[in-house]
Amino acid sequence: MNIRPCRFDHPDAVKLNDQVQLEYAERYGDGGDVTPLDPTMFDPPHGLYLLAYDELERPVATGGWRTQDRNAHGYADGDAEIKRMFVIPEGRGRGLARRMLAALEDDARAAGRVRMVLETGDRQPEAVALYTSSGYAVCEKFGHCREYESSICMAKPLRQP
């Protein structure tokens, strides 16, 4: 697997974002994740967007982080928020999500962020299991979907106290 940075509006990123939105719609019976995202939110040094490609140069996984600081949506100063973590069904079970997550955490840490946060849902047990096994714990809800009952917010310190 080859993981490399790209823009959120890159055609391969758009393709995988469309796929993850369809999966969200199927799992939750709604229109997918309606969190407003702009490609510049992931531009370094305020974020990063990654795509993973297989040996045939097909995009198989994606994920990004964006800077968040204290605001009315429940974030704290120094937060880095994970967005659009996704592995296509054919690529699952190979550790891609774990590798993508580690790369995003390393980059956010290097950018001076102190806590990684994410929002997932109760119909994504495999995501909850990945994050829990990677050191994330359920935290107070934040973000665009904080009012949804199905929303699960998680956090992990990026620095040791």
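A salt bridge here is a side-chain nitrogen of Lys or Arg within 4 Å of a carboxyl oxygen of Asp or Glu. I'm working on a predicted model, so what follows is computed from predicted coordinates.

**Entry 1: salt bridges across the chain**

By that rule I get 14 salt bridges. I looked up Arg113 and Asp69, and their closest N and O atoms are 3.3 Å apart. This pair ties together distant parts of the chain, 44 residues apart: Arg113 sits in the loop between helix 2 and strand 5, and Asp69 in the loop between strand 3 (59–68) and strand 4. Buried or exposed? I checked Arg113, and its relative accessibility of 13% puts it among the buried residues, because the cut-off for buried is under 20%. Asp69 has 32% and is partly exposed.

Next I went to Arg115 and Asp79, which form a salt bridge with the closest N and O atoms 2.8 Å apart. Again distant parts of the chain are linked, with Arg115 in strand 5 and Asp79 in strand 4, 36 residues apart. Here the Asp is the buried partner, at 0% relative accessible area, while Arg115 counts as partly exposed at 25%.

**Entry 2: a salt bridge inside helix 2**

I also noted Asp106 and Arg109, whose side chains meet in a salt bridge at 2.9 Å, N to O. Both are in helix 2, three residues apart, so about one helical turn separates them. Asp106 is partly exposed at 48%, and Arg109 is partly exposed at 32%. Elsewhere, I found Glu23, Arg27, Arg92 and Glu126 joined into one network by salt bridges that share partners.

**Entry 3: strand 7 and its neighbours**

Why call strand 7 largely enclosed? I counted buried residues in 151–157: six of the seven are buried, so the rest of the structure largely encloses this strand. On pairing, strand 5 (residues 115–121) runs antiparallel to strand 7, and seven bridges join the two. I picked out Leu118, and its bridge partner in strand 7 is Met154. Strand 6 (residues 137–138) also pairs with strand 7 in the antiparallel sense, over two bridges. There, Ala137 stands opposite Ala155.

**Entry 4: the cavity**

How many cavities of 30 Å³ or more does a search of the whole structure find? I got one. The largest cavity holds about 50 Å³ of space. I listed its lining as Thr35, Arg66, Tyr75, Glu81, Lys83, Glu119, Phe142, Gly143, His144 and Cys145. Sorted by class, that lining has four charged, three polar and three nonpolar residues.

**Entry 5: the largest pocket**

I then turned to the largest pocket, with about 850 Å³ of space. Its lining takes in 38 residues, and those nearest its centre are Tyr24, Met85, Thr120, Gln124 and Ala127. Which elements give two or more residues to this lining? I have helix 1 (11–28), strand 4 (79–87), helix 2 (96–110), strand 5 and helix 3 (125–133). Strand 4 supplies the largest share, six residues. By class, I split the pocket lining into 16 nonpolar, twelve charged and ten polar residues.

**Entry 6: cross-reference**

I came back to strand 5, which turned up in several lookups. It pairs with strand 7, holds Arg115 of the salt bridge to Asp79, and contributes to the lining of the largest pocket. Strand 4 recurs too: I have it down for Asp79 and for the largest share of the pocket lining.

Notes. Residues are numbered from 1 along each chain as its sequence is written. This is a predicted model: local features need pLDDT of at least 70, side-chain atom pairs count only at pLDDT 80 or more; totals for chains, interfaces and linings use all residues. Side-chain values use heavy atoms; hydrogens and water are left out. Buried means under 20% relative accessible area, exposed over 50%, partly exposed in between (1.4 Å probe, protein chains only). Helices (H or I, at least four residues) and strands (E, at least two) are DSSP runs, numbered from the N terminus. Two strands pair if DSSP finds at least two bridges between them. On a 1 Å grid over the protein atoms alone, a cavity is a set of points where a 1.4 Å probe fits but cannot get out, and a pocket is an open set with protein on both sides within 12 Å along at least five of seven lines; lining residues have an atom within 4 Å of a point. Grid points are joined across faces, edges and corners, and a volume is the space filled by probe spheres set on the points. Ala, Val, Leu, Ile, Met, Phe, Trp, Tyr, Cys and Pro count as nonpolar, Asp, Glu, Lys and Arg as charged, and the others, Gly among them, as polar.
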